[in-house]
Each structure stands twice: as structure tokens, then as C-alpha cells.
Amino acid sequence: MTGYYDIVLGLIPVALLGITAALTTVGVSLTAAVPLGALVAMAIIGHAMFVNTPADVSDEARSARPPMNAD
């Protein structure tokens, strides 16, 4: 079963190459199409890193236990 991060890893090269190819086909120069494709790929990476973080434990689960050795 594919997870969110598997899809993200697949979308990064698809976005970079696919958007670059599509923009080049439409008539945008290659030197302008590559940075636009890279911006979309960076947005996907940023979403995976900062919006949908790869955290295993939530903050609520940590705060439910009292701290150890809290004299």
C-alpha cells in the first residue's frame, strides 16, 4: 500500500520533468520552464516537510505523562 511519502517521492520528478515539458511544448523557453517546474517540486517537498510532518508521536501524548524526576 502506498503512503503519502511514497506519492510525494513519485511526484517530485513528475512535477519537475512534466511541468518543464508541458511549458516547453506550450512555447515557454527552457530557461524559464525549468525554474517553474522546480518551484512546483519545491512546493511539494515543502508541503511534505512542514505541513504534513513525518512525526510519529503527537504533542498531546507527550504532555499527558508527568515529567520524571521532577523534584
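This briefing walks through the helices, the buried residues and the surface of one protein. The model is predicted. The protein has 3 helices and 0 strands. Of its 71 residues, 11% are buried. Confidence varies along the chain, with a mean pLDDT of 85 for the protein.

**Overall layout**

- Starting at the N terminus, the elements run α-α-α.
- Helix H1 covers residues 4-26.
- Helix H2 covers residues 30-51.
- Helix H3 covers residues 59-63.
- Take the contacts in the protein with a separation of 6 or more: 53% of them join residues 24 or more positions apart.
- The accessible surface comes to about 5700 Å². Carbon and sulfur atoms account for 70% of that surface.

**Confidence**

- A pLDDT of at least 70 is reached by 80% of the residues.
- Among the elements, H1 has the highest mean pLDDT, at 95.
- Helix H3 has the lowest mean pLDDT, at 55.
- Where pLDDT is low, the predicted coordinates should not be read in detail.

**Ala 33 and Thr 20: a contact between H1 and H2**

- Ala 33 lies in helix H2, while Thr 20 lies in helix H1.
- Ala 33 has a relative accessible area of 0%. Buried means under 20%, so Ala 33 counts as buried.
- Thr 20 has a relative accessible area of 11%. That value is also under 20%, so Thr 20 is buried as well.
- Leaving out residues up to four places away in sequence, Ala 33 touches Thr 20, Leu 23, Thr 24 and Val 28.
- With neighbours within four places set aside, Thr 20 is in contact with Ala 15, Leu 30, Ala 33, Val 34 and Gly 37.
- Ala 33 and Ala 22 are 11 residues apart along the chain. Their C-alpha atoms are separated by 8.5 Å.

**Ala 48 and its contacts**

- Ala 48 lies in helix H2.
- Is Ala 48 buried or exposed? Its relative accessibility is 6%, so Ala 48 counts as buried.
- Not counting residues up to four places away in sequence, Ala 48 touches Tyr 4, Tyr 5, Val 8, Thr 53 and Pro 54.
- Ala 48 and Leu 9 are 39 residues apart along the chain. Their C-alpha atoms are separated by 9.6 Å.

**The tyrosine pair**

- How many aromatic pairs are there? The count comes to 1 aromatic pair.
- Tyr 4 and Tyr 5 form this pair, with ring centres 5.0 Å apart.
- Why is the pair called edge-to-face? The angle between the planes is 80 degrees, and planes over 60 degrees apart count as edge-to-face.
- Tyr 4 has a relative accessible area of 31%, and Tyr 5 has one of 33%.
- Partly exposed lies between 20% and 50%, so Tyr 4 is partly exposed and so is Tyr 5.
- Both Tyr 4 and Tyr 5 are among the residues that Ala 48 touches.

**A nonpolar surface patch**

- Which residues make the nonpolar surface patch? Ile 45, Met 49, Phe 50 and Val 51 make it.
- The area of this patch is about 430 Å².
- Met 49 lies in helix H2.
- Met 49 has a relative accessibility of 46% and counts as partly exposed. Patch residues need over 30% relative accessible area, so Met 49 meets that cut-off.

Notes. Residues numbered from 1 in each chain as written. Predicted model: local features only at pLDDT ≥ 70, side-chain atom pairs only at ≥ 80, totals over all residues. Heavy atoms only, no water. Phe/Tyr/Trp six-rings, centres within 6.5 Å; stacked < 30°, edge-to-face > 60°. Buried < 20%, exposed > 50% of the residue type's maximum accessible area, 1.4 Å probe, protein only. Patch = residues over 30% accessible without salt bridge, like charges linked within 9 Å, V, L, I, M, F, W, Y side chains within 5 Å. Areas by Shrake-Rupley, 256 points an atom, 1.4 Å probe, with all protein chains shown as cover. Salt bridge = Lys/Arg side-chain N within 4 Å of Asp/Glu carboxyl O. Helix = DSSP H or I, 4+ residues; strand = E, 2+ residues; numbered from the N terminus. Contact = heavy atoms within 4.5 Å. pLDDT = per-residue confidence, 0-100.
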